[in-house]
Amino acid sequence: MEKRTALITGASGGIGRELARTMAADGWNLVLVARNESKLQELAGELAGSEQDERRVSVRIASIDLAQEDAARRLVEFLSRENIEVDALVNNAGLGDLSPFVDSDWEKNRLMIRVNIEALTELTRLLVPSMISRGGGYILNIASVASFQPGPLMAVYYATKAYVLSLSEALSEELRSEGIGVTALCPGPTRSGFQETAGVEDVPVLNNRLMPSATSVARYGYRAMMRGRRVAIHGFLFRVLLVLSRVLPRIVVVRAVRRFQTARSEA
């Protein structure tokens, strides 16, 4: 049977890299997208295997910064030139930042909105029609447990992830009759490069060795996508906390999140 092809954004590290490894091990051809070309090349060399390997997969790379205004269009043009049809779109690329909104850097906020919302939405809109024409496909959007409540001190990040969750659930309903499964993966804090990028690597509660690995989150997310789950919350504790957040008064939840976010200054 002809191998399927998955496009993974933010594939150079963290959950994206582990999703690439997980999907390659399951026989998917890959298109890996990220800014860091050298890391993409290293990962591609690891995953492609040798010519003699019967399970060898094709791995293409596209060094594109999704924060650029025309990034999604240029990526789709690359796919067209290479005659690549995408069977699974994994929108993993994302940015974060920790600071009071009034003190936040607008350029960081703008790039966060561009990558987390605009690029994800545009790329999905550009690729869905070809999935429909071929009778189906998969979309895996990396949201977060942050999707379910406001996040003081990370207000813009939490808001972007709420958008990702809302969009994913709506598209799941719209596209199910077209044979396209849409899954929102909602991990909690994970051992990956995201904390450093978001400036929260010194927060004690986010620097805990008990945090799940990017590998475990990626494997969980991949299984959820293949099973057609709409929302996949990683970790039993977070599933319990989210149930509680729905029954507690909203103000209690928001203030609890703020205490969580100020753990660094209290250390």
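Modeller: A helix here is a DSSP run of H or I with at least four residues, and helices are numbered from the N terminus. The model under discussion is predicted.

Colleague: Which helices each supply at least two residues of the nonpolar patch?

Modeller: They are helix 8 (236–247) and helix 9 (250–261). Helix 8 gives the largest share, six residues. The patch consists of Phe236, Leu237, Val240, Leu241, Leu244, Val247, Leu248, Ile251 and Val252, and together these have about 830 Å² of accessible area.

Colleague: Why is Leu241 called partly exposed?

Modeller: Leu241, found in helix 8, has a relative accessibility of 41%. Buried means under 20% and exposed means over 50%, with partly exposed in between. The value for Leu241 therefore places this residue in the class of partly exposed residues.

Colleague: What forms the positive surface patch?

Modeller: The patch is formed by Arg219, Arg223, Arg227, Arg229 and Arg239. Among them, Arg229 is found in the loop between helix 7 (214–226) and strand 7 (231–233). Patch residues must have over 30% relative accessible area; Arg229, at 33%, therefore meets that condition and counts as partly exposed.

Colleague: What makes the pair of Arg230 and Glu173 a salt bridge?

Modeller: The rule asks for a side-chain nitrogen of Lys or Arg within 4 Å of a carboxyl oxygen of Asp or Glu. In Arg230 and Glu173 the closest N and O atoms are 2.7 Å apart, so the pair satisfies the rule. This pair links distant parts of the chain: Arg230 lies in the loop between helix 7 and strand 7, and Glu173 in helix 5, 57 residues apart.

Colleague: How do you know that Glu69 forms a salt bridge with Arg110?

Modeller: Their closest N and O atoms are 3.7 Å apart, which is within 4 Å, and the pair therefore qualifies. Glu69 is in the loop between strand 3 (59–63) and helix 3, Arg110 is in helix 4, and 41 residues separate them. By this rule the count comes to 16 salt bridges.

Colleague: Which residues have the most contacts inside the largest nonpolar core?

Modeller: They are Leu7, Leu75 and Leu79, in a core of 38 residues. Two or more residues come from each of strand 2 (29–34), helix 3 (71–81), helix 4 (106–133), helix 5 (155–175) and strand 6 (180–186). Helix 4 gives the most, with seven residues.

Colleague: Why are the members of such a core called buried?

Modeller: A nonpolar core is by definition a set of buried residues, and buried means under 20% relative accessible area. In soluble globular proteins, nonpolar side chains tend to be buried together.

Technical notes:
Residues are numbered from 1 along each chain as its sequence is written. This is a predicted model: local features need pLDDT of at least 70, side-chain atom pairs count only at pLDDT 80 or more; totals for chains, interfaces and linings use all residues. Side-chain values use heavy atoms; hydrogens and water are left out. Patches are made of residues with over 30% relative accessible area and no salt bridge: like charges are joined within 9 Å, nonpolar side chains (Val, Leu, Ile, Met, Phe, Trp, Tyr) within 5 Å. Accessible areas come from the Shrake-Rupley method with a 1.4 Å probe; for residues, only the protein chains shown count as cover. Lys and Arg count as positive and Asp and Glu as negative; His and the chain ends are not counted. The place of a charge is taken as NZ of Lys, CZ of Arg, CG of Asp or CD of Glu. Buried means under 20% relative accessible area, exposed over 50%, partly exposed in between (1.4 Å probe, protein chains only). A nonpolar core is a set of buried Ala, Val, Leu, Ile, Met, Phe, Trp, Tyr and Cys residues joined through side-chain atoms within 4.5 Å.
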